[in-house]
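Hi,

Here is the structure I promised to pass on. Have a look at it first, and then read my notes below.

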Amino acid sequence: MSRLAALPPRRLRRLTVLAIGVTTALTLTACGTGTDNGGADTPTRSASPTSAPRGLLTQEEAKKVVDNYEAVNNRANASQDAKLLGTVEAGQIHAQSTADFEQWETWSEKDQKYYETAFFYRDREYLIPAADSGATWFAIKAHSSADPKAGSVLVIFDKVGSTYKVVMTVYADEPIPKIAVDKHGYVTPADPSQKVGALAPDQLSKSYEDFFETGGKTAAQTFAATESTKGSTDVYKEGVGDDLEGYATERFFAKEPAHPKVYALKLENGGVVALFPTAHTSEVMLKPRYLSSFDITPGPKESVYNSTRRDVVTDDFEGQALAVLNPKAKPRVTGIEYRMVDSR
């Protein structure tokens, strides 16, 4: 798991740091629902053995899955072992974690130490659907022991082959509305293609990336203003940075996420909370009049993938986000994380 996503000072700067190569420098060349607290289970439902439907798995089974993920994840983080982490992690979160390990040597000693420190999910609320819901996944809502004062985190465990793996993890900047639970204590997955107000959950990514592509000409009218939307708009406004200002331009292009599956749950208020993947490409290009005289030197993280000085630096970013959709209000994106996963 991407540990830096849970570190508040880094999270507040995450879009600036992770969605643009701010260290790129210009170089003159000669042209070259149940809960548990600290492991103690607190059941949230009482089931009749003769009439109650079964859950996708029991709370005790879910607890074992989460406990195992914590143990393996902590070992993998300590040794930056992407193969080991892949036994309990997949999807967008694993793409980000793999990038973290690849870029490890570019990190500060402080960030490396934080990432290597074991952490656990506290105050867990197990969000388990009924076995006949059609869902292959369950979730937990919790807090990270790494920062008890941080907001809640939603973690999705989906069935990959025969194993439940973490596929998405998003920390919320705002309180997550109460998730609907039926009389048996099960949550209800929502259809990602069904509109809730202005958008369906599976339309969020394409609409949201407009904040990067245009600064939000369309998205600012579609989404409610949040810390996440402000941070995304700031990335667009900041442009290429002081080193390249006047010499190069930057453009963003939305792209299909590496792992496009969207996860959504119904809320008590009639809305939906969705965890959705998102992605874009950043292209920093020298202006035509400088092509014969200058090259762009990639920053440290970009150089992990391609250290060659070049006229155009293209970076790929994979993200994951949390949104709250309400039939009578604009969708609110209340948590978003990107990682650069390639540079060319």
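Let's begin with Arg344, which is partly exposed, with a relative accessible area of 41%. Keep in mind that this is a predicted model. The side chain of Arg344 meets that of Asp316 in a salt bridge, 2.6 Å from N to O. That pair links distant parts of the chain: Arg344 sits in the segment after S13 and Asp316 in strand S12, 28 residues apart. Unlike its partly exposed partner, Asp316 counts as buried, at 11% relative accessibility.

Arg344 also comes up with Ser303, a residue of helix H11 (residues 300-305). The two are 41 residues apart in sequence, yet 8.9 Å apart in space, C-alpha to C-alpha. Ser303 is partly exposed as well, at 26% relative accessible area, and its side chain reaches the backbone oxygen of Pro298 at 3.4 Å.

Now for the strands. S12 (residues 312-326) has 13 of its 15 residues buried, so the rest of the structure largely encloses it. What does S12 pair with? Strand S10 (residues 272-286) pairs with S12 in the antiparallel sense over 14 bridges, and Val284 stands opposite Val313 of S12. Strand S13 (residues 329-343) also pairs with S12 in the antiparallel sense, over eleven bridges. Here Gln320 stands opposite Glu337 of S13. S12 and S13 form a hairpin, with two residues between them.

Glu337 leads on to more charged pairs. Its side chain meets that of Arg339 in a salt bridge (3.8 Å, N to O). Arg339 forms a salt bridge with Asp100 too, where the closest N and O atoms are 2.9 Å apart. This second pair links distant parts of the chain, with Asp100 in helix H5 (residues 91-102) and Arg339 in strand S13, 239 residues apart. Are these residues buried or exposed? Asp100 counts as buried at 2% relative accessibility, Arg339 is buried at 4% relative accessible area, and Glu337 is buried at 3%. The structure holds ten salt bridges.

Glu209 is another one to click on. It lies in the loop between helix H7 (204-208) and helix H8 (210-213). This residue is buried yet has no salt bridge, and the nearest side chain of opposite charge, Lys255, is 9.5 Å away. What does the side chain of Glu209 join in a polar contact? The partner is the side chain of His280, at 2.8 Å. Leaving out residues up to four places away in sequence, Glu209 touches Ala254, Thr278, Ala279, His280 and Tyr338.

Finally, two helices. H3 (residues 59-79) has 21 residues and reaches 31 Å from its first C-alpha to its last, close to the expected 30 Å. Its buried residues include Lys63, Tyr69 and Glu70. Lys63 and Glu70 are also linked with Asp67 and Arg124 in a network of salt bridges. Just after H3, Gln80 takes a positive phi of about 50 degrees.

H10 (residues 227-238) has twelve residues, which should span 16 Å at 1.5 Å a residue; its end C-alpha atoms are 16 Å apart, so the two agree. Among its buried residues are Ser228, Gly231 and Val235. Just after H10 comes Gly239, with a positive phi of about 65 degrees.

Best wishes

Technical notes. Residues numbered from 1 in each chain as written. Predicted model: local features only at pLDDT ≥ 70, side-chain atom pairs only at ≥ 80, totals over all residues. Heavy atoms only, no water. Helix = DSSP H or I, 4+ residues; strand = E, 2+ residues; numbered from the N terminus. Expected span 1.5 Å × (residues − 1). Buried < 20%, exposed > 50% of the residue type's maximum accessible area, 1.4 Å probe, protein only. Lys, Arg positive; Asp, Glu negative; His and termini not counted. Salt bridge = Lys/Arg side-chain N within 4 Å of Asp/Glu carboxyl O. Polar contact = N/O pair within 3.5 Å; in protein donor to acceptor, adjacent residues only side chain to side chain. Contact = heavy atoms within 4.5 Å. Pairing = 2+ DSSP bridges.
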